[in-house]
Amino acid sequence: MRRLQPIAFLLVFAAVAAPFSRSARVENGLRPAVLIEGDKTWTLEERMRLYKVPGVSVAVIKDFRIDWAKGYGFADVAGKRVTEETLFQAGSISKPVAAMGALKVVEAGKLSLDSDINTVLRSWKLPENELTRKSPVTLERLLSHTAGVTVHGFPGYAAGEKVPTLLEVLDGSPPANTAPLRVDLTPGTQYRYSGGGYTIAQQAMIDVAGKPFPRLLAETVLAPVGMTRSTYEQPLDPERMKAAAAGYRPDGSEVPGKRHVYPEMAAAGLWTTPSDLARFAIAIQKCVRGKRCPLSQAMIEDMLTPRKEGYGLGLTIERRGGAEYFTHGGADEGFQALLYAHKTKGYGAVIMTNSDAGFRVMPELLRSIATEYRWEGFVREPERLAKLSPQELSPLSGRFRLDEDSVVVFTPKDGRLEAHQTLQSDFELLPISADTFVRRDEETRYMFGKSPDETLQLRIVALDGTEKNVPRLADEVRVPSESIEAGRIGEALAAYRKLREANPSNPVVSETRFNQLGYGLLGRKETAKAIAVLRFNTELYPDSANTWDSLAEAYEGSGDKERAIELYRKALDLISRGLRSSAIENQVVRTHAVARLKALGVEP
C-alpha cells in the first residue's frame, strides 16, 4: 500500500477523529436553557444518574448524513447495555412516519387528503353527528390534529393483559382501555392533539391497501428510507426482542413486564433506533431540496406546511431566530424520544431514552448538540450577570398580576430576585442589566419599565418574540389563588363564586380549571386544600361525573377509603342516569371509577 504523506495522513486522521471529539464535547456540554458566565456544564453521565435514566441513544445529523451515533448506559439494568442497534419505542414519533406512509398512499391514488374519511373506511365507520355533517373528517384533518376527534393518547397494554383488536380500540369496547373515538369539536376549526385521529387513519390505510399496517409501512416508508431496523410490529417478534430496551419509571423502577404493547400502531407503535429516525429526517431534508425521496417535493412541502398551532401533517414546525425546524416528541410507557431537524440545511438530532424521565435529560442534551454544531437560532453565549445593589433591586420588588388568578411575587435577595408564582414552583431571576433579568430554566427575558401612566410594569418576552405586559398589583388587591396558598379556603371559594356570578363562562371558574387546581394541590401533598377545591367543583358542577370521580380520588389519597368508594359510586350513578351529554367523557370516568373500585376491593 502506498504510504501517505504526513499532511495527507493528518487530514485523514482529522476527518476520522472529528466526530469522536465532537461526541466527547457533546457528552460533557449539557446545559440549562440559559447558561450564566462562569457556570459549568454537565456531563451526560451525571444527568442520567440524577434523573434515574438508565439508557440514552443519540444520532447526530450533519450535511445530510449521520455524523455519529452512540448509546449510553443500559438498555436493561439486568446487564444489557445500549448500543447504536438497541431498539426503543418511539411513542408519538410513530405519527410522522405513519403520516408519510399515508401520504404515499395518497400519491398512489388510494386515499384523498380532503375527502370524507368514511368514504374509504370499510371495516369500521366513524359515527356521524351534527358536527361531522357540518364539516367532514378528512385525512388531512386527522394528520394535522384538526379533525375534532377524541382520545389524546394511549397507555398501551401491560405484559399479561389482553390486547384489543384495532376495531375494539376504535369503539372503546373491552378489552380496550380508552374511550371510543368520536368527534366532539367541529372538524377543521381548531387544533387538538389526538392519537385517536391517527388510529382512524391507520384503519383507513389498512382498508384501502388491504395489508397489515406493519407491512404497509415497511413497504411505503421504512424500506425506501433505509430504516432497516425499524418495525411497527406489536408485540415484537422474538428475534427483534433481543435488541429491545426495557422501559423504566421516573423512580428508576422497571415497567412491569419491561414494555407495553400498542395496537394503536400509527399513533404509538413504532420500534426504532435514533439512526433510523435520523435517516427519516434526512429523507425529508433531501426531499425539500428536490432530491430523490419517498414522496414528491410538493407533498413533502405540504407535509411541512403548518395548519393550526404550528402543526403540519405529522410534524410540528418550529421557528427559532429565523430558522425553520421540524420536530416531534414521543412518549410510551417507560420510553421518551425527540426528533429535531433543520428543514433545509441538513442538520439535526434524534435522542431516545428508556425512561419516563427522559424529558428531563433530552432538552439539555439537545442544547449541547446544537451548541457544538452551531445550530441557527440555538447558539447563545453565556450571559454575563450585572451587579445590582439592594437599593437598585428594591424598586422592582412586589406583586405582578400574570392573569386574573395568577400572581408572581419578586423579592430581592443576594443581588437577584426570588420569584414565587401562586400555586407554582419558585424560580430565580438573574440580572443582566439594571432592568433586564433571565432565568436558567427558560429562554425568557423579564424586562422592567414604565407603563404609559408612569407606573412600573413587567414585560415578559419569550424566545419566539411573543411578549406579555404584566401590571404591578397594589398591596390590598388579592386574587383567589393567593388565599388558597395562605390556607384561607373559604375566602378563596367565596371570591371564585363572585367571579362565576359575574361571568359563568370565565375560564378561571370552569370545571376544568378547578380540577387542575385540585390535582395540582394533590401533587404538592396539600390534600386538605385539594379536597376543599374539588368538593367546591362538585357544588358548582353537580351533574358532572368527572367532578365526583376527582373528589373520590382525593379522598382515596387521603386514606378515607369509605368516602372514596361512596363518591366513585356517585360518579357511576350520574353516568347511568345520563345527566351529562358527553358520552366520551363519561366513558373515561366510568373506566377510571370502575378500576379504582376494584382496586379498593369492592364491586362497582
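This is a tour of selected residues and helices, in an order that can be followed in a viewer.

The model is a predicted one, in which local features need pLDDT of at least 70, side-chain atom pairs count only at pLDDT 80 or more, and totals for chains, interfaces and linings use all residues. Residues are numbered from 1 along each chain as its sequence is written, and side-chain values use heavy atoms, with hydrogens and water left out.

**Stop 1: two helices**

Select residues 94-107, helix α3, and residues 274-288, helix α11. Helices here are DSSP runs of H or I with at least four residues, strands are runs of E with at least two, and both are numbered from the N terminus. The axes of α3 and α11 are 11 Å apart and the helices pack at an angle of about 50°. Axes are lines fitted to C-alpha atoms, for helices over the stretch in contact, and angles run from 0 to 180 degrees between N-to-C directions. The angle makes α3 oblique to α11; angles under 35 degrees count as roughly parallel, over 145 as roughly antiparallel, 65 to 115 as roughly perpendicular, and the rest as oblique.

The crossing of the two helices is left-handed, a term for a near helix turned anticlockwise from the far one by less than a right angle (right-handed if clockwise). Now show side chains: Pro96, Val97 and Met100 of α3 meet Leu277, Phe280 and Ile284 of α11. Contact means heavy atoms within 4.5 Å.

**Stop 2: Met48**

Go to Met48 in helix α2. Is Met48 buried or exposed? Met48 counts as buried, at 9% relative accessibility. The cut-offs are under 20% relative accessible area for buried, over 50% for exposed, and in between for partly exposed (1.4 Å probe, protein chains only). Setting aside residues up to four places away in sequence, Met48 touches Val53, Pro54, Gly55, Val56, Tyr72 and Gly73. To see a longer separation, select Glu85, 37 residues from Met48 along the chain; their C-alpha atoms are separated by 20 Å.

**Stop 3: Glu264**

Select Glu264, in the loop between α9 (238-241) and α10 (265-268). Which side chain of opposite charge is nearest to Glu264? That side chain is Lys95, 9.5 Å away, and the buried Glu264 has no salt bridge. For charge, Lys and Arg count as positive and Asp and Glu as negative, while His and the chain ends are not counted. A salt bridge is a side-chain nitrogen of Lys or Arg within 4 Å of a carboxyl oxygen of Asp or Glu. Apart from neighbours within four places in sequence, the residues in contact with Glu264 are Phe154, Tyr157, Val169, Thr199, Gln202 and Gly269.

**Stop 4: salt bridges**

How many salt bridges does the rule give? The count comes to 45. Begin with Glu37 and Arg384, whose closest N and O atoms are 3.1 Å apart. Glu37 is in the loop between α1 (6-27) and α2 (44-51), and Arg384 is in the loop between α13 (358-372) and α14 (390-393), so this pair ties together parts that are 347 residues apart in sequence. Glu37 is partly exposed, with a relative accessible area of 43%, whereas Arg384 counts as exposed at 60%.

Move to Asp302 and Arg307, a salt bridge with closest N and O atoms 2.8 Å apart. Asp302 is partly exposed at 24% relative accessibility, and Arg307 is also partly exposed at 24%.

Next, select Glu418 and Lys413, which meet in a salt bridge at 3.6 Å, N to O. Glu418 is partly exposed, at 35%, and Lys413 is partly exposed, at 42%. Then select Asp39, Arg416, Glu428 and Arg440, joined into one network by salt bridges that share partners.

**Stop 5: backbone details**

Select Pro174 and Pro175: the peptide bond from Pro174 to Pro175 is cis, with omega near 5°. Pro175 lies in the loop between α6 (166-171) and α7 (195-209). Another cis peptide bond runs from Gln234 to Pro235, with omega near -5°. Pro235 sits in the loop between α8 (213-225) and α9.

Finish with two glutamates. Glu309, a residue other than glycine, has a positive phi, near 55°. Glu309 lies in the loop between α12 (297-303) and β6 (316-320) and is exposed at 67% relative accessible area. Glu454 also has a positive phi, near 70°. Glu454 is in the loop between β15 (442-450) and β16 (456-462), and is exposed at 55%.
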